[in-house]
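Please open the model in your viewer, switch to a cartoon display, and keep the selection panel at hand. The tour goes through one sheet and then another.

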Amino acid sequence: MPSSIGVGRILGIRVDIHFSLFLIVAFLTWSLATGFLPDRYPYWSTSTYWLTGFVCALSLFVSVLLHELAHSLVAIRRGYRVEGITLFLLGGVSSIASESRRATDDFVISVVGPLSSLAIAAVIGVVVVASGGSSPVYAAVEYVAIINLLLGLFNLLPAFPLDGGRVLRAAIWAVTGSFRRASAISTRSGQVVGLLLVGFGVYQVIQGNALQGIWVVLVGWFLNRAASASRGQDEVAHALEGVTVGDVMDVAPPTVEPNVTIHQAVFDHLVLGSVRALIVCEGERVLGILSITDVQKVPQALWGARSVRDAMTPAPLKSLSPDDGLDDALSLLGENAIHQAPVLMGERLVGLLNRAHVIQYFHQMREQDRD
């Protein structure tokens, strides 16, 4: 997600914070310090309200982080690559490199998040009930229990991309055997629930609950937009059905010999050819690939003295066959965070597929539809 800053790793998973998080922490702190806390605990000092409100606001995103960690750890356990977790204005998101390959994976990865939030709420709730009190510490602990309960219940709504929508998709997928049909139903549900939330938020504003209403409208709008975007992605996936790598790839990919200097490769091939990568070949044998990223790792002062062999990503490479489906090819690029892959028949190079080729293919399809 753009405009995010990395804050470190937890259990090997990168955690980023979107700048919008700072806005919501400030808003929640103000809302709690001037409304919720004074109503429940009328005898505290002003500074206590603000400090407790700030701690409660931070606890919301710690709860969201634990929720997303549950998703990520189960996904890793089931063989999926997790790119990271981003905390932002409306909660958090775990970036899993590919869609689930099986309905059971989809179900387990999705349901574990709400279950973890509900479990946290239950455990802390028992502590709250058993202890009682009116101190700032008690109020903060009580808030953590409440927010985890709401977080778990809200995410169980059958509206994609919420966890409940993904659970719905997994159930329909398991029953019908059709991922596409399951996705269509769950994303449509997300669109409808999003619009209902927007309507409810507007009603709240009319009733005089402006802040609460605006927040509900924002959540509903985001949910509707996210579901619509997912629906669009599903339509793209449908458009890719039957399209192979051979239909889209560059059949005459740029190549370079391993003993050529990096300087030569950059200025005679990458710059003049306006390409992002060169396949490094010795005869018909593929030795590796030289990309702009590889070149950038070598100081420019050494380009004239170093050969392509010194800078390239060596074989074996992630590769494709011309008969592979384009959807599978995109999954390979996404799961391995690469921009291009050589296309081989046996060990013989027959093409190169990169993301630009796919974009160009969709552009051509759109032009044909207009004609």
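Two strands are said to pair if DSSP finds at least two bridges between them, where helices (H or I, at least four residues) and strands (E, at least two) are DSSP runs numbered from the N terminus. This is a predicted model, in which local features need pLDDT of at least 70, side-chain atom pairs count only at pLDDT 80 or more, and totals for chains, interfaces and linings use all residues. Residues are numbered from 1 along each chain as its sequence is written, and side-chain values use heavy atoms, with hydrogens and water left out.

Begin with strand E3 (residues 82–88) and E4, which pair in the antiparallel sense over six bridges; within this pair, select Ile85 and you will find its bridge partner in E4, Ser94.

Widen the selection to the open sheet of four strands, whose order is E1-E2-E3-E4 and whose pairing is mixed. Its edge strands, each pairing on one side only, are E1 (4–10) and E4 (91–96), and the twist averages 25 degrees from one strand to the next (axes are lines fitted to C-alpha atoms, for helices over the stretch in contact, and angles run from 0 to 180 degrees between N-to-C directions). Now add helix H1 (residues 20–40), which packs on this sheet and touches E1, E2 (13–18) and E3, contact meaning heavy atoms within 4.5 Å; the direction of H1 makes about 65 degrees with that of E2.

Next, select the open sheet E5-E6-E7-E8, also four strands with mixed pairing. Here E7 (residues 285–291) and E8 run antiparallel, joined by two bridges, and Gly288 has Pro314 of E8 as its bridge partner.
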